[in-house]
Amino acid sequence: MVAAQLARKGVESILIEGGCRVGRGIAYSTAEPAHVLNVCAESMSAWVDDPEHFARWFETQGGEASDFAQRRLFGRYLDAVLGEARATGKVRLVEQKAVAAAPNGEAWTVELADGETIEASAVVLANGNQPPDPLPMSNFARFIGNPWSAEAHDAIADAAATDADVLIIGTGLTMIDTVLSLDAAGHRGRIVALSRRGLVPHAHADHLPAPVELDEVPLGNARLLLRWLRERGARVGWRAAIDALRPHSHAVWQGLPLEEQRRFMRHARPWWDVRRHRIAPEVSQRLHDLIAEGRLEIVVGRLAEVREDGDTLDVRISRRGGDRETRLSVAYAFNSTGPLHAMGRTRDPMLRQMLDDKLIRPDALGIGLEVDERSRVAGSERAWAMGPLTKGRYWEIIAVPDISGQAAAVADDIAMELGR
Ligand SMILES: Cc1cc2nc3c(=O)[nH]c(=O)nc-3n(C[C@H](O)[C@H](O)[C@H](O)COP(=O)(O)OP(=O)(O)OC[C@H]3O[C@@H](n4cnc5c(N)ncnc54)[C@H](O)[C@@H]3O)c2cc1C
C-alpha cells in the first residue's frame with residue numbers, strides 16, 4: 001500500500017519480498033477458499049481516500065459490499081492495486097529476503113540474501129507479523145511451529161488423508177484458520193484446541209451503531225475504560241460499544257500511561273481481542289457445527305507435557321480449575337498462539353541486525369518498534385515502520401482499515417522528507 005501511494009506521488013520505490021507472497025503477505029496469500037476476511041468488503045479499501053474501492057472491485061467479481069470476501073480474492077485485489085502501481089514504472093520488485101540494512105551517508109543500503117545490495121533514500125520496514133515464539137517441544141518433527149509455513153500446509157494434508165487426531169495450541173484467529181483448513185481438506189479426525197482461557201473470537205452480527213465522542217471516553221486508566229465499556233455495552237450492545245471506539249482507538253491507547261497499557265495487555269487483551277477482531281458469521285457457524293458434531297473441542301488448560309513416540313505425539317493437558325488431566329495421542333500439534341508479541345525475540349535477520357546495531361529499538365512495551373507520531377522509527381533518519389511492527393504505539397494497527405490510513409500518512413511523510 002505504501003508503494004502504491006508513493007507511485008501516485010511519482011516517488012519511485014523498490015519492494016523487497018522474501019516470502020514469495022508479493023503484495024499479499026501472510027494473510028492474503030492463502031489459497032484456501034474457507035479463509036474469509038473478518039472485515040466486510042465495504043471496510044477493506046486499500047485507498048483511504050476512496051473507501052469503496054475494494055467493494056466496487058468485489059462487486060465486479062459477483063460479491064456484495066456487506067459480504068466477507070475470501071481472503072485469496074482480497075489477495076487478487078491487492079495484486080491489482082500493485083499491478084497498477086507497477087504499470088507507472090515507479091515500483092520495482094525484488095524477490096529476495098532482506099538480511100541487513102544500514103545508513104550510508106544520506107541513503108540506506110539494504111543487503112539481500114543473495115549478497116546483492118540496494119541503495120535507497122529512505123527505508124520502510126513492513127515485515128508484518130513475526131512467526132510465534134517457539135514452544136519447548138518445537139524440535140519434534142510433528143510439532144508445527146509456524147502455522148503459516150509450507151510445513152503446516154503439508155501436515156494439514158497428511159492429517160486429512162489419515163483422519164488423525166490433532167492438537168492446536170491457541171484458540172484465536174490462527175486456530176480458526178487451521179481448523180477451517182483441516183475441515184476443507186476433508187479431515188474427519190478429532191481436533192482439540194487448547195488455551196488458558198478457552199476464549200474464541202466472537203461473530204459479527206447486525207447491530208445499530210452507537211457512536212461516541214472522544215471526550216465521552218475515560219482516558220488514562222485501563223480499569224475505568226473497561227468498566228465504562230461494559231456499562232455502555234449493557235446499554236447499546238457490546239458490539240456497538242466496541243465498534244464506537246474504532247475512530248478513537250489510537251487516541252485512547254496513547255491516553256493510557258505505560259503501566260496502564262501493560263495492565264490492559266495483562267488482563268484485558270484476550271477479552272478485547274475476541275470482541276474487537278470478530279469473525280464472519282458463517283465461520284462462527286461452522287465452528288459451532290464442528291463442536292456440535294464432536295469434531296472440535298475447545299479445552300481450557302495448559303500443556304503439561306508432550307512426548308514424541310514414533311509417528312505420534314503423546315500429550316498431557318492440565319485442565320484449569322481442578323486436578324483433572326487429559327491425555328491425547330495426536331499426529332500433529334500446531335502452534336497457533338498468534339504472532340510473536342516480543343520484538344526483542346524476532347528471528348528476522350534484518351530486524352535482528354538492526355536491533356543489534358541500535359538502528360531501531362523495541363517500543364517501551366517490547367511488542368513492536370519504537371516509532372513517533374509519523375511512524376518514523378526511533379534511532380534512525382529516513383526510516384519508517386508499518387502495521388504490526390508499530391502496535392506498541394497504535395495498538396489497533398493490524399487490520400487493513402487501520403493500515404491503509406497509516407500507509408497514506410507514511411507515503412505523504414516520505415514525499416515531504418524527500419522534497420517531492
Ligand atoms: C492469517 C491472517 C488473517 C488476517 N485477516 C485479516 C482480515 O480478514 N481483515 C483485516 O483487515 N486484517 C486481517 N489480518 C491482519 C492484516 O491484514 C495483516 O496483519 C496485514 O496484512 C499486515 O500487513 P503488512 O504488510 O504489515 O504485513 P504482511 O502482510 O505480513 O506482509 C509482510 C511481508 O513481508 C515479507 N517479509 C518479512 N520479512 C522480510 C524480509 N526480511 N525480507 C523480505 N521480505 C520480508 C513477508 O514475506 C510478507 O510477505 C490478518 C492477518 C493474518 C496473519
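Aspartate 309 is partly exposed in this predicted model, with a relative accessible area of 47%. The residue is found in strand β10. Its C-alpha atom is separated by 57 Å from that of arginine 8, and the two residues are 301 residues apart along the chain.

## Long separations in sequence

Arginine 8 has its place in helix α1, which covers residues 2–8. Beyond residues up to four places away in sequence, arginine 8 touches Trp47 and Asp49. The distance from arginine 8 to alanine 85 is 7.4 Å, C-alpha to C-alpha, although their positions lie 77 residues apart in sequence as the separation is counted.

A further pair of this kind involves serine 138, which is found in the loop between β6 (123–125) and β7 (143–144). Serine 138 counts as partly exposed, because its relative accessibility is 29%. From serine 138 to asparagine 335 the C-alpha distance is 8.8 Å, with 197 residues of separation in sequence. The table sets out the C-alpha separations.

| Pair | Separation in sequence | C-alpha to C-alpha distance |
|---|---|---|
| Serine 138 and asparagine 335 | 197 residues | 8.8 Å |
| Arginine 8 and alanine 85 | 77 residues | 7.4 Å |
| Aspartate 309 and arginine 8 | 301 residues | 57 Å |

## Salt bridges

How many salt bridges does the structure hold? The count is 30. One of them joins arginine 71 to aspartate 177, with the closest N and O atoms 2.7 Å apart. Arginine 71 lies in helix α4 (residues 71–87) and aspartate 177 in helix α6, so this pair ties together parts that are 106 residues apart in sequence. Arginine 71 and aspartate 177 are both buried.

Helix α6 also supplies a partner to another salt bridge, that between aspartate 183 and arginine 295, whose side chains meet at 3.0 Å, N to O. Here aspartate 183 in helix α6 is linked to arginine 295 in the loop between α11 and β10 (296–309), and these distant parts of the chain are 112 residues apart. Aspartate 183 counts as buried because its relative accessibility is 14%. Arginine 295 is likewise buried, with a relative accessible area of 14%.

In a third salt bridge, the side chains of arginine 319 and glutamate 297 meet at 3.2 Å, N to O. This pair links strand β11 (residues 312–319), which holds arginine 319, to strand β10, which holds glutamate 297; the residues are 22 apart in sequence. Are arginine 319 and glutamate 297 buried or partly exposed? Arginine 319 is buried, with a relative accessible area of 17%, whereas glutamate 297 counts as partly exposed at 25% relative accessibility.

Salt bridges with shared partners also join Asp183, Arg286, Asp289, Glu293 and Arg295 into one network.

## Serine 181 in helix α6

Serine 181 has its place in helix α6, which spans residues 173–184. Why is serine 181 counted as buried? Its relative accessible area is 11%, and the buried class applies to values under 20%. With neighbours within four places in sequence left aside, serine 181 is in contact with Glu32, His35 and Ile156.

## A negative patch at the surface

Which residues form the negative surface patch? The patch consists of Glu42, Glu52, Glu59, Glu64, Asp67 and Glu282. Of these, glutamate 282 is found in helix α11 (residues 281–292). Glutamate 282 is partly exposed, with a relative accessible area of 42%.

## Positive phi values between α12 and β14

Serine 375 lies in the loop between α12 (349–356) and β14 (383–385). Its phi is near 70°, a positive value in a residue other than glycine. Serine 375 is buried, with a relative accessible area of 2%.

Arginine 382 has its place in the loop between α12 and β14. Although arginine 382 is not a glycine, its phi is positive, at about 55°. Arginine 382 is buried, with a relative accessible area of 19%; this value falls in the buried class because that class covers relative accessible areas under 20%.

Note on methods: Residues are numbered from 1 along each chain as its sequence is written. This is a predicted model: local features need pLDDT of at least 70, side-chain atom pairs count only at pLDDT 80 or more; totals for chains, interfaces and linings use all residues. Side-chain values use heavy atoms; hydrogens and water are left out. Patches are made of residues with over 30% relative accessible area and no salt bridge: like charges are joined within 9 Å, nonpolar side chains (Val, Leu, Ile, Met, Phe, Trp, Tyr) within 5 Å. Accessible areas come from the Shrake-Rupley method with a 1.4 Å probe; for residues, only the protein chains shown count as cover. A salt bridge is a side-chain nitrogen of Lys or Arg within 4 Å of a carboxyl oxygen of Asp or Glu. Lys and Arg count as positive and Asp and Glu as negative; His and the chain ends are not counted. The place of a charge is taken as NZ of Lys, CZ of Arg, CG of Asp or CD of Glu. Helices (H or I, at least four residues) and strands (E, at least two) are DSSP runs, numbered from the N terminus. Buried means under 20% relative accessible area, exposed over 50%, partly exposed in between (1.4 Å probe, protein chains only). Contact means heavy atoms within 4.5 Å.
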